[in-house]
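Subject: A structure for you to look at

Hi,

Here is the structure I promised to pass on to you. Please open it beside this email and follow along as you read.

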Amino acid sequence: MRKLIASLATSLALGVAVLGFADVAMAQEAASAPAAAAVVEAAAAATPAAEASAPEAAPAAAAPVPNKGDVAWMLVSTLLVIMMSIPGLALFYGGLVRSKNMLSVLMQVFVVFSLISVLWFIYGYSLAFTEGNAYIGGFDRLFLKGVFDPATGAFAMGATFSKGVVIPEIVFVAFQATFAAITCGLIVGAFAERIKFSAVLLFVTLWFTFSYTPIAHMVWYWMGPDAYTGKEVVDAMNGKAGQIWQWGALDFAGGTVVHINAAVAGLVGAYMVGKRIGYGKEAFTPHSLTLTMVGASLLWVGWFGFNAGSALEAGNSAALAFLNTFSATACAVLAWCVGESLFKGKASMLGAASGAVAGLVAITPAAGNVGIVGAMVIGLVAGFACLWGVSGLKKLLGADDSLDVFGVHGVGGIVGALLTGVFNSPALGGPGYVTDWVTASVISAADYSIASQVWIQAKAVLLTIVWSGVVSVVAYKITDLVIGLRVSEDAEREGLDITSHGETAYHK
């Protein structure tokens, strides 16, 4: 209990430090609008008095009004991602561990999701999605300042990917909160069954602050299409975007931000926390593949919100991402089962569930960026590649990555990120990418270079691996020095359900 309090106290201290910066930031006028939020005044700001003086003045352009269908879709997508996290991810992970550690994994996923959500609302969103520099945002949205004005009832509007189309920024805040929270939840699978609960909380606080928010800013922060009002402002607007966005990397829903980022943190944790007692000598078989199958199924359903929701509008792009998520995942399940049959003689339920997650991971960066056939190829490749990731590669790495976080999310994320550069090509059925946000014109098949785009994708992957790796090493080391990483040997043998939480998942 004292260690848990110490962990929370350290997290609080970190928050206080952030608030120290906030005082400076709040004293400044918000000169720059948040990107994804760039922005437009709320319709409620238009007053009758302004309308009365209109005859003598040129009519002002009407503020964009959110489409109710877009808003509804984004709220549903947000709920879907919450469902894929708790209970989806929690049950998927919980079924894979031994019964004496079931409850501890449920607890870690549940509380990490809650902790990161709170930190996101306090400062995470501001660091990721406001203007700062190419690597990190600022504090303009600390405590979500400015997204809603209770005095006037006005909501700030956030940009989407279409000119003149907006959604309430507060919806975007909630949607992105689920991404941050599930990303940190993914990491716990790598060191399950032997880490202190308090250590988990302190580590994810540090890692979220110094790895997740910068990577999210680098990949997804830009000024929005409405900021590109003419050719004379293009360079200035591009210069305000995150570094990886400036390179031109494509990441529709988080191949780099979520999966590679989390996988590297998990792998580093597997090394630094150490192997479980008996690893390599005893069988660590899943205690309930039934729950794992239920969890994987919830992940699959929730992932439609994750990927199709990233279109930010209920339109064609969302529909494409929806179908691609559907087909790629089905292909990955079949590929994994075929691979197991060929190399192990039998297709397993564990393999089918893992194949589904592999396909979901790989199609994430590509969801709205590739055509239908491209998505199916990505799913097939991911099924075989991730099967190798949890067998051959895992042996090569020599780490006790308990629930194969790197083998599935790392390998699948890298495969998906690189193949996005291939199948985005219009010549291969992809939609291409926008080359000019002033006119919203899309690259032609003749001008698309697969080699150039794959190289850009590879740079994004490498930067994410290095950034997350360095931050993870430092964060684990700090956590180890402050409260220690690992439970005692006796506690590990008895099981974390009782020794860490005083409860059991099942009554005997």
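Below is what I found in it, going from the whole chain down to single residues.

**The whole chain**

Please keep in mind that this is a predicted model. The average pLDDT of the chain is 90, and 88% of the residues score at least 70. Residues 4-55 are a stretch to treat with care: the pLDDT there is below 50, although the model gives this stretch 74 contacts beyond near neighbours in sequence.

The chain has 508 residues, and 57% of them count as buried. Its secondary structure comes to 18 helices and 6 strands. If you take the contacts with a separation of 6 or more, 79% of them are between residues 24 or more positions apart.

**Helix 9**

A nice one to start with is helix 9, which covers residues 255-273. Does its length fit what we would expect? Let me put that better: what span should its 19 residues have? At 1.5 Å a residue the answer is 27 Å, and the end C-alpha atoms are 25 Å apart, so the two agree. Helix 9 is also mostly covered, with 17 of its 19 residues buried. After the helix comes Gly 274, which has a positive phi, near 95°.

**His 409**

Next, find His 409 in helix 15, which runs over residues 405-423. Is His 409 buried or exposed? Its relative accessible area is 5%, and buried means under 20%, so His 409 is buried. Its side chain makes a polar contact of 3.1 Å with the side chain of His 259. Leaving aside neighbours within four places in sequence, the residues in contact with His 409 include Tyr 93, Leu 186, Ile 260, Val 357 and Asp 404.

**Asp 401**

Asp 401 sits in the loop between helix 14 and helix 15. Asp 401 also has a relative accessibility of 5%, so it counts as buried. Its side chain reaches the backbone nitrogen of Val 405 at 3.0 Å. Not counting residues up to four places away in sequence, Asp 401 touches Gly 189, Ala 190, Ala 270, Lys 394, Phe 406 and Gly 407. You can also compare Asp 401 with Gly 274: they are 127 residues apart in sequence, but 9.4 Å apart in space from C-alpha to C-alpha.

**Empty spaces**

Rolling a probe the size of a water molecule over the atoms shows where empty space is left. How many cavities of 30 Å³ or more does a search of the whole structure find? There are 3. The largest cavity has a volume of about 60 Å³. Asp 401 is among the residues that line it, together with others such as Leu 267, Lys 394, Asp 404 and Phe 406. Helix 14 and helix 15 each supply at least two residues of this lining.

The second largest pocket has a volume of about 740 Å³. It is lined by 32 residues, and those closest to its centre are Leu 350, Val 390, Lys 394, Ser 402 and Asp 404. Helices 3, 11, 12, 14 and 15 are the elements that give two or more residues to the lining of this pocket. Which of them gives the most? Helix 12 does, with 4 residues.

Have fun exploring, and write back with any questions.

Best wishes

Terms used. Residues numbered from 1 in each chain as written. Predicted model: local features only at pLDDT ≥ 70, side-chain atom pairs only at ≥ 80, totals over all residues. Heavy atoms only, no water. Expected span 1.5 Å × (residues − 1). Buried < 20%, exposed > 50% of the residue type's maximum accessible area, 1.4 Å probe, protein only. Polar contact = N/O pair within 3.5 Å; in protein donor to acceptor, adjacent residues only side chain to side chain. Contact = heavy atoms within 4.5 Å. pLDDT = per-residue confidence, 0-100. 1 Å grid on protein atoms, 1.4 Å probe; cavity = no way out; pocket = protein on both sides within 12 Å on 5 of 7 lines; lining within 4 Å. Points joined across faces, edges and corners; volume = space filled by probe spheres on them.
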